[in-house]
Each structure stands twice: as structure tokens, then as C-alpha cells.
Amino acid sequence: MTQSHATATHAADTETAWQSIATDWSADRQTFHVPWGKAMMWIFLLSDTFIFTCFLTGYMNVRVSTATPWPNPSEVFGLEVFGVSVPLLLIGIMTFDLITSSGTMALAVNFGYRRDRGRTAALMFMTAAFGALFVAMQAFEWTKLITGEGVRPWGNPMGASQFGASFFMITGFHGLHVSAGVVYLCIVAFKVLRGDYEKRGYEIVEIAGLYWHFVDLVWVFIFAFFYLW
Amino acid sequence: MSAATGQQHPLKLYFWIWGLLFLFSGFSYATDFLPHGYFRWGLILLFMVAKAGFIIAIFMHMAWERKALIWAILGPPVVLLVLIALMVIEGDYTEFTRLSSFSAPVVPAGHATAEEHH
């Protein structure tokens, strides 16, 4: 669009400051050679990275500063199976559940680019189902902690009172992301099945996949820093 | 494959990474049976970084993107290390002041009474 560029330069004398900003920023240049939706998703995920890092850093700060011992996550999140208490069992299952969903999502992206609509939608619905299962397990975990162990955002019987606030904030915000992802995946899968992307192409499946892998990625860090540390 | 046709890679690669993610999740879980200390924390970080790397590089296709996108996305989070470092220092200082000013009552010299010996 050299023509419009020349016009813009010519009109420089008459255009206002705001018009000049609009002209420069809307010039025909492209930095990221990917579909715009993919670039936008990456930038959104970058901002989300900052939010989750702030939460995890806040948690680290209260944990190192408290003079009261921190509750032992290994015991708090343990489950009793046939009379044997297995440490961190539920969290382990949730981790493997999310990893499984990440794999089915990666396959869905692959089949999307092959224009295999049936398999793509099926794999995306599977991914969403694993995500819903994750949220269900998290609901069970929250219920167990709130009604069984008496954990509250302002205190708990096991140790440092900041434990509850950190736990509910971090896992709650992550669970919200998983829930939103389940809805997002179902919508895109339904549209794939209906053939909405036959003309536009299947980048949308990869973009939805980026979001889903990010949710799994955040869980990797939560698992390491909140549950294992 | 060019960017226009999207990211298309052999299925075998995805199955490999999937398997590795399971393996490393197993390793991560196993660290819970180790005693707390630098060895355990080091392993937790090692497995965490490996899993994050597999997810970003392969599942999110970052390994095949152009440098402009890679640096624009992976560069900015580096500044978060400054925040983390500051909060470690601040947190340690807070703990120090709590322990020195608010912990178990310190018996002032020449003021030892019975009620302070609980």
C-alpha cells in the first residue's frame, strides 16, 4: 500500500496529532508472521503469566515471612485409600488428568490442520471433559478442606494463617481458567463440527490449544511451588 | 510446512512428548517422598522446568515460531525475576522483624516474674 503511505505523508500538514498517530500505527507493516488471533492469544497469555507470577510471588512472600510453621501440603492434601493414607494423592491424579488433556488437545490441533473435522471435534470434547473432571476434583478438594479441615482464608487449625488465603486465591484463579477453557473448547469444537472453519482455516483450533496448554503450564508451576515445596 | 498452512508436525513427536510429560510428572510426584532440603527443591525445579519446556516448545509450537514472536513473548517475563528477588529479600526481613519483636516473650533483665514462666 505505497499509495496510501504517500497520501499520508502528503497530508501531514493538514492532519491532526491523533490522525498522525492513527496513520503511523495502521501503516501496512506486520511484525508477527502468524494469524493475528494467534499473536493476540500469545500476548494475552503473556499478561496472564504476569498475573499468576504475582499470585505465586505473593504466596512465596507470606510463606517466607510467617513465623508460624506452614501446614504440610503433603499431609493436608493426602487421601486415605483402603485405610492407607497416600500423600498428595488427589493432586497427583489432577496433575495426570491435566497432562492427559494437554495431549488430546495437541492431537486435536494436528487433526484440525488435516481438516479431519470429526476427530478434531471429538478430541476437543475429550479435552473439555478432562478439564471438567479436573474442576470437579478441585471442587471436592475445596469442600474437603473447608468443611472437613476447617481451612478459611483468614486461618486454619494446621499452621500459618496465610495458608488458606494463598490456597484459595491461587487454585481458585487457576480453576476459573480451567472452567473458562472448558466452555471455550466446547464452543470451538461445536463450530468445527458444524464446518464454520472450512473456508477460514483451522488456526482457531491451535489458538484455543495455546490457551489450554497455558492452563496446564500454570498448573506445573502451582504443583511445584504450592504442593511440593 | 510454511506458517500459512499452520503448524503441522508428525504425530509421533506429540506422543513422545506426551509420554515424557507423564514420566516427568511421575518424577515430580516422587519428590514428595524425599526429605525437605536442597536436593528435593533442586529436583522439583528441574522437573518443573523440563515439563514447562516441553509444553511451550512442542505443544505450543514455540520451537517453530520466528524469533520476533519468541522474544516478544518469552523475553518480558524475565523482569519478573526482579520482583521475585525483591519479595524474597522483603519477606526475609519481615520474618526477621517478626521473630525479633513479636515472638515468645523475651524476659527483660531484672524483671523476671512468675507469670512469664509459662
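Biologist: What makes the crossing of H7(A) and H8(A) left-handed?

Modeller: This is a predicted model, by the way. A crossing counts as left-handed when the near helix is turned anticlockwise from the far one by less than a right angle. The crossing of H7(A) with H8(A) is left-handed, so the turn there goes anticlockwise by that rule.

Biologist: And why is H7(A) called roughly antiparallel to H8(A)?

Modeller: The axes of H7(A), residues 162-194, and H8(A) cross at roughly 160° and come within 10 Å. Angles over 145 degrees count as roughly antiparallel, so this pair gets the label.

Biologist: Which residues of H7(A) and H8(A) meet?

Modeller: On H7(A), they include Ile170(A), His174(A), Val178(A), Gly181(A), Leu185(A) and Val192(A). Among their counterparts on H8(A) are Ala208(A), Trp212(A), Val215(A), Trp219(A) and Phe226(A). By class, this contact has 16 nonpolar and four polar residues, with no charged ones. Gly181(A) is listed in the contact and, because Gly goes with the polar class, it belongs on the polar side of that tally.

Biologist: Now the other chain. How many residues of chain A are in contact with chain B?

Modeller: 41 residues of chain A, facing 41 of chain B. On the chain A side, H3 (36-65), H5 (89-113) and H8 (203-228) each supply at least two residues. H8(A) gives the largest share, 11 residues. The class split for that side of chain A is 24 nonpolar, 14 polar and three charged.

Biologist: What does the secondary structure of chain B come to?

Modeller: Four helices and zero strands, which reads α-α-α-α along the sequence. Buried residues are 16% of the 118 in chain B.

Biologist: How do you know that H5(A) has a span close to the expected one?

Modeller: Take 1.5 Å times one less than the number of residues. H5(A) has 25 residues, for which 36 Å is expected, and its first and last C-alpha atoms are 37 Å apart. Just after H5(A), Arg115(A) takes a positive phi of about 60°.

Biologist: One more: why is Ser26(A) called exposed?

Modeller: Ser26(A) has 10 other C-beta atoms within 10 Å, and exposed means 12 or fewer, so the label fits. Ser26(A) sits in the loop between H2 (17-25) and H3 of chain A.

Biologist: How many residues apart along the chain are Ser26(A) and Ser65(A)?

Modeller: They are 39 residues apart along the chain, and their C-alpha atoms are separated by 49 Å.

Note on methods:
Residues numbered from 1 in each chain as written. Chains lettered and ligands numbered in written order. Predicted model: local features only at pLDDT ≥ 70, side-chain atom pairs only at ≥ 80, totals over all residues. Contact = placed C-beta atoms within 7 Å. Buried ≥ 20, exposed ≤ 12 C-beta atoms within 10 Å, placed from the backbone. Axes fitted to C-alpha atoms, helices over the stretch in contact; angles between N-to-C directions. Parallel < 35°, antiparallel > 145°, perpendicular 65-115°, else oblique.
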